[in-house]
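Dear colleague,

I am passing on the structure below, and after it you will find notes on what turned up when I went through it. Please read them with the coordinates open beside you.

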Amino acid sequence: MTYYELKKVFVKTSSKAALGALLILLIVFSFFSVNSVNYVNEKGETEKGRTAAASLRQEKEQWEGPLTAETVARVIRENSRINQSREARSEDIREQNKAYSKTQGYEDIRLLIDSAFGGFGGFDYNRINSLKAEDAELFYPKRTENLKDWLADENGGAGRFTKEEQQYLLQRYEAMQTPLYYEAADGWDKLFERLPSLLMILVLILGFLVSGIFPCENQLKADSVFYASFHGRRKAVRAKLGAGFLLVTIVYWAAVLIYTAAVLGLLGAGGMNCRIQTAFISWESFYNLTFGQLYLLCVAGGYLGSLFIAFLTMLIGAKTKSAVVSVIVPFILLLIPMFLTNVEVPALAQIKPLLPNQLVQINFLVEEFNLYTIGSHVTGPLQILFPLYLALAALIGPVLYRMFRKAEVK
């Protein structure tokens with residue numbers, strides 16, 4: 001019966017079109033992820049794509065290793081030397097590009113230096129130009145010092161977090177093991193760049209695919225016969241739920257693995273065990289995760305979000321007997337929070353990190369400072385999101401089954 005329910009979904013022209021659109025999106029996303037890598041060669045010419053990624057990785061390999069004060073000092077000295085070169089001082093753009101090509105190897109470390117000495121939430125790309133090699137000793141202490149200054153500021157964290165929450169953030173910062181280990185992680189960087197958009201579209205497509213599982217018999221005017229059969233309200237309901245679960249699982253993991261294999265296969269998977277703080281965009285994050293761990297959280301969150309939205313879609317479809325209504329409600333649930341990003345309401349600011357759309361953009365969530373105090377325990381939204389939506393997704397199945405069992409008694 002489960003096979004029959006799956007077959008009913010995949011024989012539809014609209015379902016085939018949705019899967020075809022998903023395949024095209026995977027190709028487009030993979031193409032742009034790979035071709036968004038830029039490399040400037042020694043002639044000052046810009047290269048793109050796989051060969052550019054390989055050349056850039058080769059340059060960065062020279063700086064691979066523990067990111068110690070000595071390494072930071074070496075970057076500051078090398079940057080100063082290149083800035084004094086004839087090419088860097090030239091007014092000709094091509095000559096300037098030649099100078100820039102010599103800085104690409106340590107570009108990631110330079111951005112971290114600019115972030116560390118730029119203050120909390122501040123960034124000045126040219127900050128490194130005003131530093132001396134002796135300042136390298138302050139590289140890691142500056143990170144914690146910047147957080148303390150921000151937490152003491154009434155316009156910063158002082159008016160936002162309690163003393164317990166401030167202490168929690170400081171403990172998370174101090175728990176980060178130093179020195180960090182640096183390795184080129186451009187493949188992961190480009191993978192995360194478009195992963196949230198892909199997961200969001202994937203969740204919406206999966207919701208569309210399962211939307212007709214329960215209303216199907218009603219549309220064919222066969223519901224009275226189907227559900228009046230001996231197994232209509234028992235095995236048939238379980239088969240529909242099983243079909244929805246299998247459809248989400250197969251399509252979701254196939255899409256995610258294809259995208260991952262395409263991007264990392266072409267750009268490289270180096271840096272998987274490096275801390276996310278080695279990427280300047282996550283330098284201030286209080287989540288001490290590696291790129292590999294963050295990836296697992298992202299795809300697990302997307303899968304949980306897909307299951308929740310799919311089961312919710314099936315529940316609404318069973319209740320309303322309308323595939324259109326069952327698609328619209330989850331669609332609104334996912335997209336409305338995106339329009340509330342710039343709405344400054346304190347109560348809403350606490351709710352937004354726990355909305356279902358956050359499950360598909362966890363790599364953005366780990367860059368933000370959101371905390372919750374439950375009793376005497378301080379935690380981040382990640383520790384709440386997963387058990388919350390796992391419980392909700394698990395609850396919908398029994399609710400659906402009970403709904404049809406009650407109808408049978410009547």
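What percentage of the 410 residues of the chain count as buried? The figure is 50%, and please keep in mind throughout that this is a predicted model.

To begin with the overall picture, the chain holds 18 helices and six strands, and its C-alpha trace extends over about 85 × 50 × 30 Å along the principal axes. Among the contacts with a separation of 6 or more, 71% are made by residues 24 or more positions apart. The exposed area of the chain comes to about 20000 Å², of which carbon and sulfur atoms supply 59%. There are 42 positive and 38 negative charges, and the mean positions of these two sets are 15 Å apart.

Much of what I noted concerns aromatic rings. A pair of such rings is described by the distance of the centres and the angle of the planes. The count for this chain comes to 17 aromatic pairs. One of them is formed by Trp253 and Tyr303, whose rings are tilted, with 5.4 Å from centre to centre and 50 degrees between the planes. This pair links distant parts of the chain, since Trp253 belongs to helix α13 (residues 235–267) and Tyr303 to helix α14 (residues 291–320), 50 residues apart. Trp253 has a relative accessible area of 27% and is therefore partly exposed, whereas Tyr303, at 17%, falls under the 20% limit and so counts as buried.

A second tilted pair is that of Phe286 and Phe369, with 5.5 Å between the ring centres and 55 degrees between the planes. Phe286 sits in the loop between α13 and α14, and Phe369 in the loop between α17 (362–365) and β5 (372–374), so this pair ties together parts that are 83 residues apart in sequence. Both partners are buried, Phe286 with a relative accessibility of 2% and Phe369 with a relative accessible area of 8%. Phe286 and Phe369 also belong to one aromatic cluster, which further includes Phe120, Trp150, Phe161, Tyr168 and Tyr287.

Helix α13 also contains Phe245, which is partly exposed at 37% relative accessibility. Apart from its neighbours within four places in sequence, Phe245 is in contact with Tyr303, Leu307 and Phe311. As for its place relative to Glu164, the two residues are 81 positions apart along the chain, and their C-alpha atoms are separated by 41 Å.

Two arginines are placed over tyrosine rings: the charged end of Arg110 sits over the ring of Tyr125, 3.9 Å from its centre, and Arg143 lies over the face of Tyr173, at 3.8 Å from the ring centre.

Finally, there are two points of backbone geometry that you may wish to look at. Most residues other than glycine have a negative phi, and most peptide bonds are trans. Thr178 and Pro179, however, are joined by a cis peptide bond, with omega at about 0 degrees, and Pro179 is found in the loop between α9 (163–175) and β4 (181–182). Lys321, although it is not a glycine, has a positive phi of about 60 degrees. Lys321 lies in the loop between α14 and α15 (323–335), where it is partly exposed, with a relative accessible area of 44%.

With kind regards

Definitions and conventions. Residues are numbered from 1 along each chain as its sequence is written. This is a predicted model: local features need pLDDT of at least 70, side-chain atom pairs count only at pLDDT 80 or more; totals for chains, interfaces and linings use all residues. Side-chain values use heavy atoms; hydrogens and water are left out. Helices (H or I, at least four residues) and strands (E, at least two) are DSSP runs, numbered from the N terminus. Buried means under 20% relative accessible area, exposed over 50%, partly exposed in between (1.4 Å probe, protein chains only). Contact means heavy atoms within 4.5 Å. Accessible areas come from the Shrake-Rupley method with a 1.4 Å probe; for residues, only the protein chains shown count as cover. Lys and Arg count as positive and Asp and Glu as negative; His and the chain ends are not counted. The place of a charge is taken as NZ of Lys, CZ of Arg, CG of Asp or CD of Glu. Rings of Phe, Tyr and Trp (its six-membered ring) pair if their centres lie within 6.5 Å; planes under 30 degrees apart count as stacked, over 60 as edge-to-face and the rest as tilted. A charge sits over a ring if NZ of Lys or CZ of Arg is within 6 Å of the ring centre and within 35 degrees of the ring normal.
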